[in-house]
Amino acid sequence: MMRRLAVALAALSMLVWPPAAHSQSIATPVARLSDQVFVFGREVVFEHLGTSRGVAVVRVDDAGLTAMLQIVGARMQFQPGTRFIVFTRADGEPITFTVGSNAVSIDNASVAIPFGPFYEGTQLWIPLPALTEALGLWARHVHDSYAFSPQIVSVQRHIGQHRTIVEVRATAPLSWRASFDGPPKHPTLTVTFAGFANAADSKVDLGGREAKAATIGQQGPPGYPITSLSIGVMHGVKFAAHRTSSGAGMDLVLARNEGDLALGPTLATPSVQISTLPKAAPTPVPTAAPTVVPRVDGTLAPAPNVSAQSAPVPTAVPAPEVTDNGSAVLGASPSPGSSGGEPSPSPSPLEKITDVFVTDAADASRITLALTGPVSFEWHRLAPPDNRFWIDISQAALVGPARDVFVKLALVRSVKISQHEITPDHVVRLIIDPSQPVDIAIGAIEGSPNSLGIDIHASPPPPDAPASGVGMMQAVQQSPQPVAQVTPGPAHPNLIVIDPGHGGNDPGAMNQQYGLVESHLTLTIAQKLKADLERAGWRVVLTRDGDYEVGDPNGDDHQELQARCDVANAAGARLFISVHINSSVSSEPSGLTTYFWRAADRSLAQAIQSATVHDTGAGDDGVKREEFYVIRHTDMNAVLVENTYLSNAHDASLLQQTWFLDRIAAGIAHGVQDYTGGPPRP
Amino acid sequence: MLAATLVIIGCSRHVTVPTSPKLTIYYCKAGSDDLVGFPFSVDPKLGASAVASYALNQLIAGPAVGRDSLVLFPAGTQASVTIDGGVATVDLHGPIARSFQGGGGDESGLFKSLTYTLTGLPGIKSVQVLVDGRNRAALPGGQFEIDEPLTRETFAQ
């Protein structure tokens with residue numbers, strides 16, 4: 001009955017919309033609010049912040065709201081004249097607010113809020129606390145300022161036969177830093193998180209075998225809360241940190257044996273990392289690690305060198321264990337972002353290979369396999385003059401079909417990957433065809449515990465180099481000394497961020513004779529490219545989906561360019577593609593150019609350049625290395641594409657044609673597919 | 001005659017700078033990375049700042065011929081230069097400081113020509129660009145990062 005009534009009321013409100021909204025404005029005046037707002041410790045400036053009925057509200061067109069969403073990796077979709085405001089969280093979960101309704105839909109469940117979005121005159125306002133809570137952020141109002149950060153909602157212990165697991169759960173994706181200090185015999189492991197604690201100064205008893213107790217503390221200035229977890233660790237105990245699949249939690253494993261440090265793939269899957277924390281925080285939590293693998297300069301560590309391995313151990317997955325689920329829940333928190341209740345780790349016989357990609361440096365190339373956990377492998381080299389070698393990865397399942405990985409490198413002609421065996425064992429085979437005699441090293445990539453790297457060096461192998469070998473990746477471990485954050489690869493390996501160049505008060509280049517504006521063309525191409533990539537299975541986020549500035553309209557060029565980078569960095573994207581149209585003082589230059597900055601991005605630039613030239617038939621100006629801001633300050637593979645010249649009459653006439661813009665988008669999408677082999681499949 | 005004085009230099013090749021008392025003003029060819037060098041003679045009694053200022057003014061004014069195929073600073077650009085410890089600081093004013101509406105190729109070409117011209121002078125190793133007196137990430141509407149000193153290596157492919 002109530003449901004029918006609600007539906008009837010909703011239908012009635014739609015019939016009378018929008019006049020009802022305007023009448024509502026009379027009853028809900030907005031008083032200006034000048035409080036400071038901090039999100040993840042960063043100050044966000046709102047032009048239109050106010051209060052209504054005692055609650056902070058913000059205008060939906062406020063650049064501060066856009067900036068806040070960028071920091072948390074969320075985005076907003078709203079068409080003026082419609083009733084629904086849809087936000088998509090970093091974890092992909094949709095949140096729908098309805099103008100005039102006090103119910104917000106979060107993943108198809110309705111949550112009551114004091115009041116919903118409303119109009120004052122022609123301006124639409126939304127209650128800020130309801131929005132931030134839906135985004136998984138906790139709010140604190142101190143001294144005329146609001147601080148929004150995740151909240152650590154529980155710390156639970158699981159004491160097994162050979163290890164102790166401390167589960168930390170939060171309302172939103174967490175970033176953390178861990179360090180050891182104190183005497184070697186009685187070290188203290190301190191893990192700090194950016195966010196609030198709801199039970200600061202409390203203790204969790206850890207039994208005394210691997211660790212004594214964990215103490216929860218709260219630090220940081222009012223705008224930048226930091227929660228610390230101090231654990232008194234017994235002598236000789238190692239630890240590994242695993243991000244939960246949602247990103248909103250961490251599992252800390254304490255054990256004496258390295259083999260007990262690994263967790264099943266469910267808990268080890270990398271997820272969101274927040275990359276926009278302030279530099280000046282008293283206990284800085286690191287920004288997201290570069291999603292590009294480290295340069296090939298010896299950082300492939302600790303590489304089980306191909307010439308020095310003994311027989312492999314068949315699996316690194318620990319045996320099942322009986323757990324004592326004595327836990328200390330710090331407090332009930334029904335936040336929609338909570339990921340509590342995740343099952344205890346369970347062993348898995350198979351690890352998945354979710355992605356394969358190639359990067360190159362000056363004198364070496366690296367092939368990286370993104371995995372759900374450690375694997376063992378075996379490699380063989382063919383006899384000269386055949387330079388090929390192959391690697392068989394045991395107990396592994398390839399996600400997606402067998403494929404050729406795109407490479408156009410000086411050292412490597414081709415890389416093929418396939419599910420070589422399914423029974424009796426699961427074996428994935430990687431066949432690498434170098435263009436010359438090469439030396440190789442295979443091993444886990446330092447800082448990326450679930451990534452296997454194959455480094456190919458230009459130098460020929462030594463005369464006594466073996467023709468085969470075996471190796472095994474170790475679960476991530478740390479010794480009692482300052483440690484680095486556990487840093488998986490891209491948080492979202494299936495996510496691509498597209499940046500339509502210019503916009504708002506910066507139209508970019510123009511050709512008035514042909515009626516062309518760069519910012520309009522880049523947006524059109526970006527939207528077509530988004531559709532193409534989504535059809536291919538990618539998730540895509542645009543830095544802007546209308547004619548506006550990505551950053552603060554009153555901000556400077558630095559703020560605007562960094563805002564575009566922040567979108568990709570905060571989202572943990574796999575690729576960043578900035579779309580532009582070239583222009584020159586001369587009417588002669590024509591054709592396409594793809595720019596990169598880091599050597600590791602040259603392959604992506606070349607793949608996109610080749611495919612776009614092929615698909616459009618436009619002139620090929622080649623790939624170039626240039627110091628463009630957005631491809632220097634993004635953490636992932638990044639390129640900037642200049643798609644023909646507005647200043648050239650022939651190019652301009654093509655840019656007027658829809659089919660040509662379609663082909664540019666298709667060409668870039670084909671380049672992405674060529675480079676990546678397609679999106680990873682779950 | 002004039003054509004014979006042109007020195008076309010690929011960006012990845014070594015650049016030969018005329019010895020004193022000559023200096024070379026470099027311009028970037030539109031749509032490419034190639035530089036075109038125009039040698040000038042200067043009074044050997046001039047100090048380093050005066051030579052740098054002269055070179056900068058010539059660069060912004062552009063050559064008398066062949067302008068159509070070269071990337072030039074927009075009309076109305078004003079600039080000043082100071083030298084300190086091997087760093088030439090160039091402060092740009094005028095339309096370019098309000099909005100740059102060219103493409104990425106022209107933008108990098110402008111800074112390449114500026115950097116090559118000034119680092120071709122004795123004692124100057126790098127060029128720091130200011131916009132209306134301020135250190136900026138890029139020109140308004142531009143993409144090329146200028147918040148750190150530029151050197152010839154900045155433009156290496």
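This note takes up a sheet in chain B, the helices that pack on it, and the contact between chains A and B, all in a predicted model.

1. Chain B holds an open sheet of 3 strands, arranged in the order 5-6-7 and with mixed pairing. Strand 5 (78–84) and strand 7 (126–131) of chain B lie at the edges and have a single partner strand each, so one side of each is left without a neighbour in the sheet. Direction ignored, neighbouring strands of this sheet are turned against each other by 20° on average.

2. Strand 6 (residues 87–93) and strand 7 of chain B run parallel and are joined by 6 bridges. Looking at strand 6 in detail, one may ask which residue of strand 7 of chain B is the bridge partner of Asp91(B); that partner is Leu130(B).

3. Two helices deserve mention together with the sheet. Helix 1 (residues 48–61) of chain B packs on the sheet by touching strand 5 and strand 6 of chain B, and its direction makes about 150° with that of strand 5. Helix 3 (residues 104–119) of chain B also packs on the sheet, where it touches strand 6 and strand 7 of chain B, and its direction makes about 130° with that of strand 7.

4. Between the chains, 30 residues of chain A are in contact with 26 residues of chain B. The elements of chain A that each supply at least two residues of the side touching chain B include helix 7 (557–571), strand 41 (573–582) and strand 44 (637–645). By residue class, this side of chain A divides into 11 nonpolar, 9 polar and 10 charged residues.

Technical notes
Residues numbered from 1 in each chain as written. Chains lettered and ligands numbered in written order. Predicted model: local features only at pLDDT ≥ 70, side-chain atom pairs only at ≥ 80, totals over all residues. Pairing = 2+ DSSP bridges. Helix = DSSP H or I, 4+ residues; strand = E, 2+ residues; numbered from the N terminus. Axes fitted to C-alpha atoms, helices over the stretch in contact; angles between N-to-C directions. Contact = placed C-beta atoms within 7 Å. Nonpolar A, V, L, I, M, F, W, Y, C, P; charged D, E, K, R; others polar.
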